[in-house]
Amino acid sequence: MRLDHYHKLFCFIRCNKISISVFCNMVYLLYSVYLFLSVDMSVCLFLKVLNPNVTHDSSVMAGKNRFSVADRFEYLQGLVTEFQDTDSEDAKEQILANLANFAYDPSNLEALRLLQVTELFLDMLTEDNENFVEFGIGGLCNLSMERESRDQILQSGGVPLVISCLSSNRDETVLSAITTLMNLTTATSRAETTESAVVQCMLRFSLTQNPRLRNLASVFLEDCCTQQQVDKAREEMQGQSQSAVGIPLPKD
């Protein structure tokens, strides 16, 4: 990650009026990713200037600044164990956010599968804590890009849980759920990921004024659904209320 990426981050923060406390949490998360994925040293110096109290284990910098497979597994195992042992919801949220980010790196996927992190993410989708749900579906979104992890989600009966996230009031949760459904759509799973209720939901999302949601829903309809499915869903929607089988029209 280069410094110009952080310039974009600062612009995002200024435009969205993010508080200092939230920004600091973002910085700590980026620093954690730095330690684990070994990005450029200039980023480390950048973070060090922001918070001189942040330290790192010098051993992480050895050996071409990379964790070995065993080190990665041990590190991720420690996160999972800490998640299971702690009673602090704030700590659990931070751990989930880290695990979701680490799920983006293909070199971590085998360890995450062995540690049953896929099942952990799926479990989070039924929690009342909306942050748990958002980080859980975010992690599944990252995992589902890889075939073996995708198959694991499907075999675990994850599609209905992902579909349930479409009713969230949080844009990021809904966007991750749509992307995950797209990733999970195969020749054998298509009937489940594009069931009528989902297609109707995407049709409603495609009418919202939220451009990100509208565009992604349109891509889902185009790439994952047949024209016959779309036409049938439109016909079934005639005379219905503003919700499709428990999935409400998103709030603009």
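Q: How do axes and angles describe the packing of H12 and helix H14 in this predicted model, and which term applies to their orientation?
A: Axes are lines fitted to C-alpha atoms, for helices over the stretch in contact, and angles run from 0 to 180 degrees between N-to-C directions. On this basis H12 and helix H14 (residues 196-205) pack at an angle of about 130 degrees, with axes 13 Å apart. Angles over 145 degrees count as roughly antiparallel and 65 to 115 as roughly perpendicular, the rest outside the roughly parallel range being oblique. H12 and H14 are therefore oblique.

Q: How many nonpolar residues does the contact of H12 with H14 have?
A: Val-174, Ile-178 and Leu-181 in H12 meet Val-198, Met-202 and Phe-205 in H14. In this contact there are no polar and no charged residues, and the nonpolar ones number 6.

Q: What is the orientation of H9 relative to H12?
A: Helix H9 (residues 130-143) packs with helix H12 (residues 171-184) at an angle of about 30 degrees, their axes being 9 Å apart. Angles under 35 degrees count as roughly parallel. The orientation of H9 to H12 is therefore roughly parallel.

Q: Is Gln-116 buried or exposed?
A: Gln-116 is located in the loop between helix H7 (109-114) and helix H8 (117-124). Its phi is near 60 degrees, a positive value in a residue other than glycine. The relative accessibility of Gln-116 is 51%, and the cut-off for this class is over 50%, so Gln-116 counts as exposed.

Key:
Residues are numbered from 1 along each chain as its sequence is written. This is a predicted model: local features need pLDDT of at least 70, side-chain atom pairs count only at pLDDT 80 or more; totals for chains, interfaces and linings use all residues. Side-chain values use heavy atoms; hydrogens and water are left out. Helices (H or I, at least four residues) and strands (E, at least two) are DSSP runs, numbered from the N terminus. Buried means under 20% relative accessible area, exposed over 50%, partly exposed in between (1.4 Å probe, protein chains only). Contact means heavy atoms within 4.5 Å. Ala, Val, Leu, Ile, Met, Phe, Trp, Tyr, Cys and Pro count as nonpolar, Asp, Glu, Lys and Arg as charged, and the others, Gly among them, as polar.
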